[in-house]
Amino acid sequence: MTVSDERLQEAINTLKESGVRITPQRHAVLEYLLHSTIHPTADDIYKALESKFPNMSVATVYNNLRVLRETGLVRELTYGDSSSRYDYNSSEHYHIICETCGKIVDFHYPTLDEVESLAEKMTGFNVTHHRMEIYGKCENCQHATTAKQ
């Protein structure tokens with residue numbers, strides 16, 4: 001069994017333990033997210049799976065994403081643009097986002113637990129989590145800009 005097969009089986013077990021039914025569409029959405037590195041939108045997922053599930057609607061994809069988010073298997077990423085993106089990567093990580101094309105790449109760095117503790121001490125808040133985003137221009141967009149000049 002490969003690592004991705006093990007991760008898929010663990011995710012399916014989590015869903016079953018939460019009382020969630022594993023439909024073929026839900027399984028496909030979960031598997032797509034597990035193998036995706038592009039932080040897809042619901043529409044991206046729908047387009048990728050529509051040939052396999054011609055009767056599946058975009059609403060079905062959204063409903064499955066909601067269930068996966070509620071069970072903690074995926075994160076919904078909102079960055080102020082028009083569409084939420086979804087991330088299966090459950091390890092603690094940050095994102096670097098291209099300001100030109102919107103590409104999102106995982107960026108692994110030690111967590112900022114010290115900053116959370118300091119924020120609690122200074123403000124009296126009970127910090128539950130944080131999110132750090134880094135913005136710039138990806139290599140493809142840098143090359144495209146250079147090629148135009």
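**Salt bridges, core and pockets**

E133 counts as partly exposed because its relative accessibility comes to 24% (buried is under 20% relative accessible area, exposed over 50%, partly exposed in between; 1.4 Å probe, protein chains only). The model is predicted, so local features need pLDDT of at least 70 and side-chain atom pairs pLDDT 80 or more, while totals for chains, interfaces and linings use all residues. Residues are numbered from 1 along each chain as its sequence is written, and side-chain values use heavy atoms, without hydrogens or water.

E133 has a partner in R131: the two form a salt bridge, with the closest N and O atoms 2.6 Å apart (a side-chain nitrogen of Lys or Arg within 4 Å of a carboxyl oxygen of Asp or Glu). R131 is partly exposed too, since its relative accessible area is 49%. The total comes to 4 salt bridges, and a further one joins R66 to E70, where the closest N and O atoms sit 3.3 Å apart. Both R66 and E70 belong to helix α4, 4 residues apart, or about one turn of the helix (helices are DSSP runs of H or I, at least four residues; strands are E, at least two; numbering starts at the N terminus). At 52% relative accessibility E70 counts as exposed, whereas R66, at 34%, counts as partly exposed. R69 pairs with E76, N to O at 3.1 Å. Here both ends are partly exposed, given a relative accessibility of 33% for R69 and a relative accessible area of 31% for E76.

Helix α4 also holds T60, which counts as partly exposed because its relative accessibility is 26%. From T60 to C98 is 38 residues in sequence and 29 Å in space, taken C-alpha to C-alpha.

Turning to the interior, the largest nonpolar core is built from 24 residues (buried Ala, Val, Leu, Ile, Met, Phe, Trp, Tyr and Cys, joined through side-chain atoms within 4.5 Å). Within that core, L30, L33, L65, L68 and Y88 have the most contacts. Helices α1 (3-17), α2, α3 (42-49) and α4 (58-70) each put in at least two residues, and α2 gives the most, with 5. Setting aside neighbours within four places in sequence, L65 touches V29, L33, A42, I45, V74 and Y86 (contact means heavy atoms within 4.5 Å).

The largest pocket encloses about 360 Å³ (an open set of 1 Å grid points that fit a 1.4 Å probe, with protein on both sides within 12 Å along at least five of seven lines; lining residues have an atom within 4 Å of a point). Of its 16 lining residues, R75, E92, H129, H130 and R131 come closest to the centre. At least two lining residues come from each of β1 (75-77), β3 (94-98) and α5 (113-123), with β1 giving the most, 3 residues. By type, this lining splits into 7 charged, 5 polar and 4 nonpolar residues.

The second largest pocket has about 170 Å³ and its own set of walls. It has 14 lining residues, and L33, L34, H35, S36 and T37 lie nearest its centre. L33 is also among the core residues with the most contacts. Helix α2 (24-35) and strand β2 (85-87) each supply at least two lining residues, and α2 supplies the most, 3. The lining here breaks down as 6 nonpolar, 5 polar and 3 charged.

Note on methods: Points joined across faces, edges and corners; volume = space filled by probe spheres on them. Nonpolar A, V, L, I, M, F, W, Y, C, P; charged D, E, K, R; others polar.
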